[in-house]
Amino acid sequence: MLKISLGKLTDLFDAIAEKEALYIPADKAGVAQFTRYENGLKMSDALNTNRSAKDFFFPQIENLVDFKVNGKNIEIIDPRTEQEDFVVFGVRGCDARSFSVLDKVFLANPVDSYYANRREHGTIVSMACTRPAETCFCGSFGIDASDPEGDVTCWKTEDALYLRANTEKGEALIEKVKPLLEESDDAAVEAQKAATKEILGKLPLRSFTTEKFGGDVMMQAFNSDKWNSLSESCLGCGTCTFVCPTCQCYDIRDFNTGNGIQRFRCWDSCMYSDFTQMAGGQPRLTQKERFRQRFMHKLVYFPANNNGEYGCVGCGRCLSKCPISMNIVKVAKTLEGEL
Ligand code: SF4
Ligand code: SF4
């Protein structure tokens with residue numbers, strides 16, 4: 001275990017930022033957001049960022065290819081460049097696990113080279129939670145918020161930041177800032193972990209489980225009458241999908257630049273009425289069908305295709321952001337009586 005006193009945290013950030021781009025959670029416009037570090041930027045004390053670290057690897061808008069038209073000639077321009085190395089610092093345990101879900105989608109054959117490029121160059125430094133919120137339920141997915149995954153795991157105590165490298169990438173990062181760090185025992189970290197576990201054990205959603213879900217109950221869950229009442233008030237606003245660290249649906253569109261086409265992808269939402277619109281028609285005609293798709297994907301289809309791993313990490317964002325207070329916990333609890 002290595003440590004640095006909190007008084008020298010700025011030195012640590014400066015040292016990392018000197019070598020590669022560094023992003024830390026900082027308070028901006030009333031919420032915590034990952035922000036590119038510049039000397040003096042203060043790390044937020046908020047429990048988690050408004051938007052997850054997904055944005056670094058799967059940005060909301062991304063140019064895929066350009067077509068330049070010149071008379072009868074069309075030039076195809078590949079906008080991909082080798083991504084610069086970067087560090088995302090302060091990722092919580094739920095969001096650190098979200099990459100396991102995203103990797104299964106984007107790194108499966110055929111590999112999404114845009115995502116792969118960013119994953120290759122990004123280092124995740126996670127931060128253990130000490131004050132989990134009432135909306136948190138990462139423990140339901142086997143995530144330990146007191147000892148999160150990541151290339152490097154950090155614990156922030158009253159007076160020091162403790163660091164442990166978990167991967168080769170993490171070790172390489174630690175090596176770059178080694179002169180600033182000192183060896184330490186793990187007594188303070190173990191004490192913090194025990195205190196956090198006690199809080200985690202008292203959270204309102206501590207006993208929430210998705211055990212009844214998965215591929216075996218596919219048709220039973222799909223055909224449940226409960227979808228009618230559950231989806232009745234859904235506004236189709238897509239907020240739940242946009243704040244979710246594991247949602248990964250996108251649309252591809254062409255923008256006419258006047259002398260060519262810019263083909264880009266942007267986040268889409270299965271909650272939107274035109275999400276499955278095709279030339280041949282719309283297979284999901286009602287909000288109930290769209291709503292059902294989102295939760296069936298996370299609770300049933302994804303685990304059925306990924307050795308039981310659910311498409312949710314219990315970050316609680318959809319619990320706090322949905323304007324009608326609908327969320328995956330309510331859906332799972334309502335459906336489970338029927339399974
Ligand atoms: S945030 Fe709530 S209202 Fe908006 S689409 Fe999601 S479930 Fe529906
Ligand atoms: S479904 Fe909700 S709780 Fe689960 S990962 Fe997405 S936003 Fe977080």
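How many nonpolar, polar and charged residues make up the shell around ligand 1? The tally is nine nonpolar, three polar and no charged residues. Keep in mind that this is a predicted model. Here's a quick tour, from the overall build down to the two ligands.

**Overall build**
- The protein has twelve helices and twelve strands.
- Its radius of gyration is 22 Å, and a compact globule of 339 residues would come out near 20 Å, so the two agree.
- Laid along its principal axes, the C-alpha trace covers about 65 × 65 × 35 Å.
- Of the 339 residues in the protein, 33% are buried.
- Take the contacts with a separation of 6 or more: 70% of them link residues 24 or more positions apart.

**Two domains and where they touch**
- Domain 1 covers 2-59 + 81-200, while domain 2 covers 215-249 + 266-336.
- Going by C-alpha atoms, the centres of domain 1 and domain 2 sit 28 Å apart.
- Domain 1 puts 22 residues into the contact, and domain 2 puts in 16 residues.
- Helix α3 (residues 93-106) gives nine residues to the side of domain 1 that touches domain 2, the largest share of that side.
- By class, that side of domain 1 splits into eleven nonpolar, six polar and five charged residues.

**Strand β1 and its partners**
- Strand β1 (residues 2-5) runs antiparallel to strand β9 (residues 160-165), with four bridges joining them.
- If you want a spot to look at in that pairing, K3 has Y162 of β9 as its bridge partner.
- β1 also pairs with strand β10 (residues 182-183), again in the antiparallel sense, over two bridges.
- In that pairing, L2 stands opposite E183 of β10.
- As a rule, side chains in a regular strand alternate between the two faces of the sheet.

**Around ligand 1**
- One stretch of the surroundings of ligand 1 includes C234, L235, G236, C237, G238, T239 and C240.
- The other residues around ligand 1 are M271, C322, P323, I324 and M326.
- No charged residue turns up in this shell.

**Around ligand 2**
- Ligand 2 has 13 residues around it, and the closest are C244, C312, C315, R317 and C318.
- Sorted by class, the shell of ligand 2 holds eight nonpolar, three polar and two charged residues.

Technical notes
Residues numbered from 1 in each chain as written. Chains lettered and ligands numbered in written order. Predicted model: local features only at pLDDT ≥ 70, side-chain atom pairs only at ≥ 80, totals over all residues. Near = placed C-beta within 6 Å. Nonpolar A, V, L, I, M, F, W, Y, C, P; charged D, E, K, R; others polar. Rg over C-alpha atoms; globule rule 2.2 N^0.38 Å. Buried ≥ 20, exposed ≤ 12 C-beta atoms within 10 Å, placed from the backbone. Contact = placed C-beta atoms within 7 Å. Pairing = 2+ DSSP bridges. Domains from an automatic or database assignment.
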